[in-house]
Amino acid sequence: LGLGGLTPCMRTANEQLVFFVHAALMDLRALVYPSRKSDRNGPFEEQLATYFARTAPPVYESLETCLRRRGTGFLVGWLPCSADFHAWEFLDQHEKMAIAFDIPSPLSDFELLEAFYERIHTLPRLRRYFESDEARLPINNKTARFQ
């Protein structure tokens, strides 16, 4: 599929970004799925506010910086790679949570990242998916505090 990057440098950058976004998604998972630790940290809405104020912004800043430094439409180059889809999923979950809990969109402070988010959503090859019922399935399992 060629989603790993076209050159050795791009493949390395893609792998690094996949791992970076995966770590960020694990922080999100720790928030969304109840556990003894998360239950001790107070009500979900309070934890969510803290997460949106302190945990998510550095990830957004890093992704925005990546786009700015590369000067390309996607995180690794001018063609989407697997890291782009992983990052898009991360951003999409945040957008949906922001809407559900009446929190301002975290993308509003990141011009390049907001354009990237829209760019992925408008890729012609993904149009059929985004118009399908599968695109509207819950994001998380029913045991999660946000579906």
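## A tour of the helix contacts

In this model, helix α1 passes helix α4 in a left-handed crossing, a term used when the near helix is turned anticlockwise from the far one by less than a right angle, with clockwise called right-handed. Helices here are DSSP runs of H or I with at least four residues, strands are runs of E with at least two, and both are numbered from the N terminus. The model is predicted, so local features are considered only at pLDDT of at least 70 and side-chain atom pairs only at pLDDT 80 or more, whereas totals for chains, interfaces and linings use all residues. Residues are numbered from 1 along each chain as its sequence is written, and side-chain values use heavy atoms, with hydrogens and water left out.

**First stop: α1 and α4**

Select residues 8-32 for α1 and residues 82-100 for α4; the two helices pack at an angle of about 25 degrees, and their axes lie 8 Å apart. That angle makes α1 roughly parallel to α4, since angles under 35 degrees count as roughly parallel, those over 145 as roughly antiparallel, those from 65 to 115 as roughly perpendicular and the rest as oblique. The axes are lines fitted to C-alpha atoms, for helices over the stretch in contact, and the angles run from 0 to 180 degrees between N-to-C directions.

To see the contact itself (heavy atoms within 4.5 Å), show the side chains of α1 residues including Asn 14, Leu 17, Val 18 and Ala 24, together with α4 residues including Ala 83, Ala 87, Phe 90 and Met 97. The residues of this contact of α1 with α4 divide into 11 nonpolar, 6 polar and no charged, where Ala, Val, Leu, Ile, Met, Phe, Trp, Tyr, Cys and Pro count as nonpolar, Asp, Glu, Lys and Arg as charged, and the others, Gly among them, as polar.

Now centre the view on Ala 83, a residue of α4. Ala 83 is buried, with a relative accessible area of 0%; buried means under 20%, exposed over 50% and partly exposed in between, computed with a 1.4 Å probe on protein chains only. Leaving aside residues up to four places away in sequence, Ala 83 touches Asn 14, Leu 17, Val 18 and Leu 75.

**Second stop: α3 and α4**

Next, select residues 44-70 for α3, which packs with α4 at an angle of about 150 degrees, with the axes 12 Å apart. That makes α3 roughly antiparallel to α4, and the contact joins Leu 48, Tyr 51, Phe 52, Ala 56, Val 59, Tyr 60 and Leu 63 of α3 to Ala 87, Phe 90, Leu 91, His 94, Met 97 and Ala 98 of α4. By class, this contact of α3 with α4 holds 12 nonpolar residues, 1 polar residue and no charged ones. As you turn the pair, note that α3 also passes α4 in a left-handed crossing.

Within α3, pick out Val 59, which is buried at a relative accessible area of 11%. Apart from residues up to four places away in sequence, Val 59 touches Phe 20, Ala 24 and Phe 90, and its C-alpha atom is 9.9 Å from that of Ala 87, which is 28 residues away along the chain.

**Third stop: α3 and α5**

Keep α3 displayed and add α5, since these helices pack at an angle of about 85 degrees, with their axes 8 Å apart. That makes α3 roughly perpendicular to α5. Here Tyr 60, Leu 63, Glu 64, Leu 67 and Arg 68 of α3 meet Glu 111, Leu 112, Leu 113 and Phe 116 of α5, and the residues of this contact of α3 with α5 divide into 6 nonpolar, no polar and 3 charged.

Leu 112, in α5, is partly exposed at a relative accessible area of 32%. Its C-alpha atom is separated by 6.7 Å from that of Leu 67, although the two are 45 residues apart along the chain.

**Last stop: Asp 102 and the cysteines**

Move to the loop between α4 and α5 (111-121), where Asp 102 is found. Its phi is near 55 degrees, a positive value in a residue other than glycine, and Asp 102 is exposed at 73% relative accessible area.

Finally, select the cysteines: how many disulfides are there? The count comes to 0, taking a disulfide as a pair of cysteine sulfur atoms within 2.5 Å. The sulfur of Cys 9 lies 11 Å from the closest cysteine sulfur, that of Cys 66, too far for a bond, and the sulfur of Cys 66 is likewise too far, at 11 Å from its closest one, in Cys 81. Cys 9 is exposed at 57% relative accessible area, whereas Cys 66, at 14%, counts as buried.
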